[in-house]
Amino acid sequence: MSISNTQATPPAAQPGASAIPGTGVPGASEPAEAAPAIDLTEVSKAYRTGRGELLALDGVSLQVAAGEFVCIIGASGCGKSTLLNLVAGLDQPSAGTVETGGRRVGLMFQEPALFPWLTAGRNVEMALRARGVPREVRRDRTAELLETVRLGGFGDKRPHELSGGMRQRVAMARALAQDADVLLMDEPFGALDAMTRDLLHDELERICAERSLTVLFVTHNVREAARLGDRVIVLSSRPGRVIGEYPVPRHGQRRIDSGEVAQMAAMLTDRLREEMGRHGN
Amino acid sequence: MATDQALHGLDNLEVGPLLDQPSLAGRFGRRAWGATWPKLLAIVLVLVAWQLFYLSDHNGISAHHLLVGPVQGLPNLWDQLLHGQLLSAVGTTLKRAVVGYALSLLVGVVVGAIVARIPPLRAAVGSIITGLQTMPSIAWFPFAIILFGLSDSAILFVIVLGSAPSIANGLIAGIDYTPPLLLRAGKVMGLRGITLYRYLILPASLPAFIAGMKQAWAFAWRSLMAGEILVQVAGVSSLGVLLEGDQDQLDITSAISVMIVILIIGVVVDGLFTKADLAIRNRRGLLDSAAV
């Protein structure tokens with residue numbers, strides 16, 4: 001389970017656990033496992049723009065083991081959303097391969113992207129319907145999924161009647177309704193207030209553990225990455241390349257305000273600033 | 001467990017019930033009154049303006065030599081409704097309106113759906129549709145009368161040409177403006193082809209479509225009135241025929257009565273579309289609750 005970045009690594013970058021002496025868990029100590037849930041090999045993606053080609057991703061290789069929670073951070077222009085679109089199958093890479101081994105992939109965005117003409121319950125049910133789940137079981141499954149995100153009594157509410165955090169949980173129930181083994185999350189809590197976000201971190205952790213989900217979680221927020229991830233991947237900007245990989249030590253329940261998370265976040269912030277500085281002149 | 005409780009508490013704080021909800025009957029009464037009084041006020045204002053004009057005097061010519069005031073005009077309207085041809089004329093006109101509008105809806109939806117689905121058609125047919133929309137419908141009548149003679153078909157033809165473009169444009173705009181994020185969400189869920197249209201694109205385009213339907217009604221109603229005055233089908237009484245008759249007999253009192261009926265029908269139907277539009281936007285949370 002490791003990142004291999006075959007691109008020439010900038011001399012300043014110190015990828016891997018070695019960047020956090022003392023706290024790092026060496027990747028080699030993880031048990032050898034079966035094929036990864038998400039396997040990106042040498043993936044590049046270029047977009048044609050008015051002024052020529054824009055290279056969004058450049059030779060990104062990344063493996064995520066089944067049940068692993070991987071956070072991706074990077075400054076603007078690192079192609080994070082492009083990466084998720086490729087894994088979700090919404091877009092095709094220009095070069096390289098994306099493998100998810102036929103797993104079902106659910107995708108969540110920064111906005112809940114619920115259908116505003118349907119109630120919360122119907123939104124969840126829509127994902128079941130799209131999968132061809134028979135009508136008789138849809139109602140029960142919907143109730144169960146809303147219960148999972150602790151929105152039991154709110155199935156009849158319309159999205160605009162719910163708070164931002166609740167809408168995002170409906171979106172999570174909808175993603176789970178796809179029976180996804182892999183959850184791709186594109187800054188899902190970015191628009192929420194800190195208190196709600198903190199609670200939803202706990203909830204996400206619980207749900208992922210209950211359903212043994214594999215998660216690829218993109219964020220701008222280094223603390224969030226340090227709080228949630230088993231591993232944090234740092235991408236460079238323009239083009240996006242993997243420039244660092246940091247296993248996060250696990251000592252029981254983590255909190256956003258714990259010392260460990262703060263220490264990790266500070267280290268990630270330094271790494272990101274270094275990368276941003278490269279674009280400064 | 002602590003997370004669970006905190007989360008429930010937060011949810012209840014965010015969507016908790018408003019304090020002091022008035023009773024259902026009270027709310028209904030207040031809403032009905034709130035919707036009614038501006039309309040009553042508008043009617044009163046029109047009647048006052050009418051009466052003032054009636055009493056006015058221009059260079060020695062008093063308006064009351066030319067037309068009647070509301071005091072004489074309204075009883076005439078009542079009398080025509082009870083005893084004259086007005087009711088059967090309204091029936092004929094409304095039947096044409098319904099049939100013409102239904103045809104426009106059919107043509108507009110079919111053309112709009114085809115144009116929206118096939119990009120190469122977009123540029124070509126799109127500009128034709130907009131061109132048709134800007135063409136005053138009355139200009140079609142000579143052509144229609146040559147083609148269909150003085151018949152219902154001529155009138156329906158012009159109604160469809162006048163209002164179907166608005167329907168088609170409404171549908172195309174709705175499909176075009178389906179939020180890309182919702183499309184991504186739908187595709188990830190596995191909605192494809194027909195199901196993508198049925199469950200996502202068509203519901204998403206409903207507000208724009210309703211706006212198109214409302215505009216189409218205004219065009220249809222205008223085309224119909226022009227048509228009924230220009231194309232008089234022998235032996236059939238309609239609002240247009242009555243108006244033309246009043247003109248011939250210089251019966252301004254009766255003409256005013258017919259015009260009031262035309263105005264009321266137009267306003268009522270427009271009001272129904274507005275209501276549908278508001279209901280849809282309200283369901284989707286597109287109304288600013290402070291502004292309602």
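Read from the N terminus onward, chain B runs through the pattern α-α-β-β-α-α-α-α-α-α-α-α-α, which amounts to 11 helices and 2 strands, where helices (H or I, at least four residues) and strands (E, at least two) are DSSP runs numbered from the N terminus. The model is a predicted one, in which local features need pLDDT of at least 70 and side-chain atom pairs count only at pLDDT 80 or more, while totals for chains, interfaces and linings use all residues. Residues are numbered from 1 along each chain as its sequence is written, and chains are lettered from A and ligands numbered from 1 in the order in which they are written.

The overall dimensions of chain B can be taken next. Its C-alpha atoms fill a box of roughly 85 × 55 × 35 Å along the principal axes, and its radius of gyration is 25 Å, where a compact globule of 292 residues would have a value near 19 Å; the radius is taken over C-alpha atoms, and the globule rule is 2.2 Å times the number of residues to the power 0.38. Of the 292 residues of chain B, 27% count as buried, a residue being buried if 20 or more other C-beta atoms, placed from the backbone, lie within 10 Å of its own, exposed if 12 or fewer do, and partly exposed in between. Among the contacts in chain B between residues at least 6 apart in sequence, 74% join residues at least 24 apart, two residues being in contact if their C-beta atoms, placed from the backbone, lie within 7 Å.

Within chain B, helix α4 (residues 86-117) offers a useful point of reference through its packing against two other helices. The axes of α4(B) and α9(B) come within 10 Å and cross at roughly 130°, the axes being lines fitted to C-alpha atoms over the stretch in contact, with angles that run from 0 to 180 degrees between N-to-C directions. That angle makes α4(B) oblique to α9(B), since angles under 35 degrees count as roughly parallel, over 145 as roughly antiparallel, 65 to 115 as roughly perpendicular and the rest as oblique. The crossing of α4(B) and α9(B) is right-handed, the term for a near helix turned clockwise from the far one by less than a right angle, whereas an anticlockwise turn is left-handed. From α4(B), residues including Thr93(B), Arg96(B), Gly100(B) and Tyr101(B) meet a set in α9(B) that includes Trp217(B), Trp221(B), Leu224(B) and Glu228(B). By class, the residues of this contact between α4(B) and α9(B) divide into 7 nonpolar, 4 polar and 2 charged, where Ala, Val, Leu, Ile, Met, Phe, Trp, Tyr, Cys and Pro count as nonpolar, Asp, Glu, Lys and Arg as charged, and the others, Gly among them, as polar.

The second partner is helix α7 (residues 152-176) of chain B, which packs with α4(B) at an angle of about 40°, with the axes 6 Å apart. Here too α4(B) is oblique to its partner, α7(B), and the crossing of α4(B) and α7(B) is right-handed. The contact of α4(B) with α7(B) has 20 nonpolar, 5 polar and 2 charged residues.

Where the two chains meet, 25 residues of chain B are in contact with 27 residues of chain A. On the side of chain B that touches chain A, the elements giving two or more residues are α1 (2-15), α8 (180-189) and α9 (193-230) of chain B, and the largest share, 9 residues, comes from α1(B). That side of chain B divides into 13 nonpolar, 5 polar and 7 charged residues.

Chain A has 7 helices and 9 strands, and 46% of its 281 residues count as buried. Of the contacts in chain A with a separation of 6 or more, 73% are accounted for by residues 24 or more positions apart.

Three loop residues of chain A deserve a look. Ala113(A), in the loop between β5 (105-108) and α2 (120-130), has a positive phi near 55° although it is a residue other than glycine, and it counts as buried with 23 C-beta neighbours inside 10 Å. Arg150(A), which is likewise not a glycine, has a positive phi of about 60°; it lies in the loop between α3 (135-148) and α4 (164-177) of chain A and is buried, with 20 other C-beta atoms within 10 Å. Val133(A), in the loop between α2 and α3 of chain A, counts as partly exposed, with 16 C-beta neighbours inside 10 Å. The C-alpha atoms of Val133(A) and Ala177(A) are separated by 10.0 Å, with the two residues 44 apart along the chain.
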